[in-house]
Amino acid sequence: MPSQSQIDLLARLHDVDELIEAHIALTGGGAGRPARRQGAAVTRAGVVLLAAATEAFVEDLFEEAAPLLWPSAPKSQLKMLFDNTSKRLNNADVRKTQLLFFNLGLPGALDEVRWRKFSNASFKESLDSLVTTRNKIAHGLQPSLRLGQLRYWRRMVGHYAERLDSVVADHIQSLRGKRPPW
């Protein structure tokens, strides 16, 4: 069973999927369309939305895991932790995500994220590329993007969520002796 954070991410990803479908409806989805013309704004919107959904997932998972690791921690201490960590993430690139989960005793949380035909190095490079592209778009640039790249990142984020969920659940189990309910 996935964490509530992953369930929430899947709902957010539905919006990205709608933008992908809107792009296809607008352009016909065929190859050869200029990347900066028809459908480009929809693709850029999809990238920004996907990066935001990824960031929200990372923050939510951190905040879902912390009380399970420290069940006796007062809510005020958890709030202070979140106010100074997950609430200040501002882009879930590899470095910032590693630093965030370091606070849960998981300094290399992303080092275990990989799947068939997708190495950890490829994952980290792709995640940072998604965040960098989002930043360019959010700051007024119009990087050349294709629908295929958005689809690629969308699939990557889905796999990433599954793997990070598992890494965090394994960590909680190793420290608390009980696997979380997800």
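Colleague: In this predicted model, which residues does Leu9 touch, not counting residues up to four places away in sequence?
Modeller: Leu9 lies in helix 1. At 1% relative accessibility it counts as buried, because the cut-off for that class is under 20%. Leaving out residues up to four places away in sequence, Leu9 touches Ala53, Thr54, Phe57, Val157 and Ala161.

Colleague: What is the separation between the C-alpha atoms of Leu9 and Leu164?
Modeller: Along the chain, Leu9 and Leu164 are 155 residues apart. In space, their C-alpha atoms are separated by 12 Å.

Colleague: Which residues is Leu164 in contact with, leaving aside neighbours within four places in sequence?
Modeller: Leu164 is among the residues with the most contacts inside the largest nonpolar core. With neighbours within four places in sequence set aside, its contacts are Phe57, Leu61, Phe101, Ala109, Leu110 and Val113.

Colleague: Which helix supplies the largest share of the largest nonpolar core?
Modeller: The largest nonpolar core has 47 residues, and Phe101, Phe123, Met156, Leu164 and Val168 have the most contacts inside it. Helices 1, 2, 3, 4, 5 and 6 each supply at least two residues of this core. The largest share, 12 residues, comes from helix 6.

Colleague: Which elements are included in what covers the buried residues of helix 1?
Modeller: The buried residues of helix 1 are Ser5, Gln6, Leu9, Leu13, Val16, Ile20, His23 and Thr27. What covers them includes helix 2 and helix 6.

Colleague: How far apart are the end C-alpha atoms of helix 1?
Modeller: Helix 1 has 24 residues, so at 1.5 Å a residue it should span 34 Å. The distance between its end C-alpha atoms agrees with this expectation, being 35 Å.

Colleague: Are helix 2 and helix 4 roughly parallel or roughly antiparallel?
Modeller: The axes of helix 2 and helix 4 come within 11 Å and cross at roughly 10 degrees. Because angles under 35 degrees fall in one class, the pair is roughly parallel.

Colleague: How do the residues of the contact of helix 2 with helix 4 divide into nonpolar, polar and charged?
Modeller: Helix 2 contributes Val58, Leu61 and Phe62, while helix 4 contributes Thr97, Leu100 and Phe101. The residues of this contact divide into 5 nonpolar, 1 polar and no charged.

Colleague: How does Gln142 count at its relative accessibility?
Modeller: Gln142 is found in the loop between helix 5 and helix 6. Its C-alpha atom is 17 Å from that of Asp128, and the two are 14 residues apart in sequence. At 42% relative accessibility, which is neither under 20% nor over 50%, Gln142 therefore counts as partly exposed.

Definitions and conventions. Residues numbered from 1 in each chain as written. Predicted model: local features only at pLDDT ≥ 70, side-chain atom pairs only at ≥ 80, totals over all residues. Heavy atoms only, no water. Core = buried A, V, L, I, M, F, W, Y, C linked by side-chain atoms within 4.5 Å. Buried < 20%, exposed > 50% of the residue type's maximum accessible area, 1.4 Å probe, protein only. Helix = DSSP H or I, 4+ residues; strand = E, 2+ residues; numbered from the N terminus. Contact = heavy atoms within 4.5 Å. Axes fitted to C-alpha atoms, helices over the stretch in contact; angles between N-to-C directions. Parallel < 35°, antiparallel > 145°, perpendicular 65-115°, else oblique. Nonpolar A, V, L, I, M, F, W, Y, C, P; charged D, E, K, R; others polar. Expected span 1.5 Å × (residues − 1).
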